[in-house]
Amino acid sequence: MSWLTRSGRPLSRMIVEQAGRARADEVSRREFLALASSFGATTATAYALLGLPSPARADTGEAEPPSESRTGVRIQMEVRPLGDPRTFDWFQAANVTRGWLEYLVSYENDGTFRPQLLQDWTITDDARHYTLHLRPGVMWNDGTPFTSADVVRNIARWCDRDAPGNSMAGRFAVLVDPATGHLMEGTVSTPDDLTVVLDLPRADISLIAGMADYPAAIVPEGFDPDRMLEMPVGTGPYLPESVAPGIGAVLVRNDNHTWWNAGNGAWMERIEFIDLGTDPSSFAIAAQAGRIDMTHSIEGDFIEVFSAMDGWVVNKIITAATVVIRPNQNAEIDGIRPYADVRVRRALQLAMSNEILLELGYANRGNVAENHHVAPLHPEYTAMPAPVHDPDAAHALMEEAGMADFEHELISIDDDWRRNTADTAAALLTDAGIKVRRTIVPGAVYWNNWASFPFSTTDWGHRPLGVQTYALAYRSGQVWNEFGWSNAEFDTTLEEALATLDIEKRRVLMHRCQQLVRDEGVTVQPYWRRLYNHTIAGLAGGGHHIALEIRPAELHWV
């Protein structure tokens, strides 16, 4: 049987051959779905290759008929300052701009990628040549056609390594000229107004996944982040009525714009994001008072509180979202760099119990992790022995490093689970005879400094591929490398893994990367999170997304 991509071209032989190996277990099946859809298979085809029935409405984008009785929705969510999307480091900002700034592709809860502003794409078997086919008929809301020139311009913006805070340069590093820090000449071409061709200098399997990540919103020509609310030009169906960080944001449907997916979404006339801070008790009070219809994400005991409320529906999903308790190796404190010493970092790991951190920090609503930030949900994952919890060895290593009298300041945001996790970590360090003090900071301080704190906790969202997380957060010199870690062997091995299509070969390479992260004591990464949110009965499209997305165009009442 001949298997075809969504554009009618033969599917990569390597993908078809891997289908048989992926049928045996759930993790391999999920990886296969991500990889097959990355290489252009429809969701229906990817499932059929596994011998599984296709999920309902796969690849059609269809939803249940919307109710005409309600035309708006109110969502609890922190509202963050906006700016240039390529510099977004929190998904909440993207959930607001997603109303008018759209994406080339989307990542779904089952692990597949679906076309959005792209109609389809093809990737050669060696993963060095990508052909992107734009959806015809798409217009910017100012009446300008959306063309291949728009895509090339956005790719060039993503590849600007000199733009402060631009994490997209890490996702598209394969196209960045190391000499200039900009898009490499000759790598992108436009045969016509609806086609973009990428000719990579080396293979990279992660580009489609990178296009689906929240900083990859497509912006118009002449985009000015300082005027994006005055001039909200985009391809999406909504416009911002107001955005007030810490208070709320409102999107209103743009009935003067013919959206490319008209009639199949954008049913809400008005979408309100209501910022109730980080205390979930305020979420519950608002829900009981009838002031919200949906929560963004709920943790801790309030999961049960909301689940017990009449008329509310719980939505949950297993993810590779996590928290790291990490020392910053570049941080200087009183003239020294305490975390540049691997003995200090290893001591911090030995003092921690990931089981206790999961129990007390996240109420056991997740799975214990292994301190290397590659999840069992990731294709490349290889199980490793559980991290050792040895307080005596931790104290001895700290003494050996000459740091027995050093007081570590562990910083966290003031919320529920991240604060509880950091409190637990501090107690474990104290039990090991390691001096520590806790500092809890408000959201505005935390969000502005998260990557530069000397010793702190940071939450990380789910990403489809382990290589993607490593390229963003652990590769040398990346904007999101909050660990201050640089290791040449890791960088070289990761680059090879990014170029390896075969799952088993890639897993071998990634196992070496996992081992390096652990051996170097880069972080304590204690658990993987199950995520929960709640919606009022009758609200569709608001179930918890695996990557914490809220998609305004999919929300509707039934």
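Helices here are DSSP runs of H or I with at least four residues, strands are E runs of at least two, and both are numbered from the N terminus. Keep in mind that you're looking at a predicted model, in which local features need pLDDT of at least 70 and side-chain atom pairs count only at pLDDT 80 or more, while totals for chains, interfaces and linings use all residues. Residue numbers start from 1 along each chain as its sequence is written, and side-chain values use heavy atoms, with hydrogens and water left out.

**Stop 1: an open sheet**

Select 118-123, which is β4, and 188-192, which is β6. These are the edge strands of their sheet, each pairing on one side only. Now fill in the rest: the sheet is open, has 4 strands in the order β4-β5-β7-β6, and its pairing is antiparallel. Two strands pair if DSSP finds at least two bridges between them. On average, neighbouring strands here are turned by 20 degrees against each other, direction ignored; the axes are lines fitted to C-alpha atoms (for helices, over the stretch in contact), and angles run from 0 to 180 degrees between N-to-C directions.

Zoom in on β4 and β5 (residues 129-134), an antiparallel pair with 5 bridges. Click Ile-123 and look across to β5: the residue opposite is Tyr-130.

Then hop to the edge strand β6 and pick Pro-191. Is Pro-191 buried or exposed? Its relative accessible area is 57%, so Pro-191 counts as exposed (over 50% is exposed, under 20% is buried, and partly exposed is in between, with a 1.4 Å probe and protein chains only). Draw a distance from the C-alpha of Pro-191 to that of Ser-148: you should get 8.8 Å, for residues 43 apart along the chain.

**Stop 2: the loop after β5**

Follow the chain from β5 towards α5 (148-158) and stop in the loop between them, at Thr-144. Thr-144 has 37% relative accessibility, so this one is partly exposed. Show its side chain along with that of Asp-142: the two make a polar contact at 3.0 Å. Such a contact is a pair of N or O atoms within 3.5 Å; within protein, one must be able to donate a hydrogen and the other to accept it, and residues adjacent in sequence count only if both atoms are side-chain atoms.

For the next jump, use Glu-78: its C-alpha is 33 Å from that of Thr-144, and the two residues are 66 apart along the chain.

**Stop 3: the enclosed spaces**

Glu-78 takes you to the largest cavity, where Glu-78, Gln-92, Ser-297, Glu-299 and Arg-418 lie nearest the centre among 22 lining residues. On a 1 Å grid over the protein atoms alone, a cavity is a set of points where a 1.4 Å probe fits but cannot get out, a pocket is an open set with protein on both sides within 12 Å along at least five of seven lines, and lining residues have an atom within 4 Å of a point. The volume is about 310 Å³, meaning the space filled by probe spheres set on grid points joined across faces, edges and corners. Colour α4 (91-97), α8 (280-288) and α13 (417-431): each gives the lining at least two residues. By class, the lining has 8 nonpolar, 6 polar and 8 charged residues (Ala, Val, Leu, Ile, Met, Phe, Trp, Tyr, Cys and Pro are nonpolar; Asp, Glu, Lys and Arg are charged; the others, Gly among them, are polar).

How many cavities of 30 Å³ or more does the whole structure hold? The search finds 6. The second largest has about 240 Å³ of space. Of its 20 lining residues, select Phe-91, Asp-213, Tyr-214, Gly-461 and Arg-463, the closest to the centre. Strand β16 (455-460) and helix α7 (207-212) each supply at least two lining residues, with the largest share, 3 residues, coming from β16.

**Stop 4: an open pocket**

Next, select Arg-161, Ala-169, Ala-173, Arg-475 and Gln-478, which lie nearest the centre of the second largest pocket. This pocket holds about 360 Å³, and α6 (168-171) and α16 (488-498) each bring at least two residues to its lining.

**Last stop: parallel strands**

Finish with β14 (residues 408-413), where 5 of the 6 residues are buried. β14 runs parallel to β15 (residues 436-441), joined by 6 bridges, and His-408 has Val-436 as its bridge partner.
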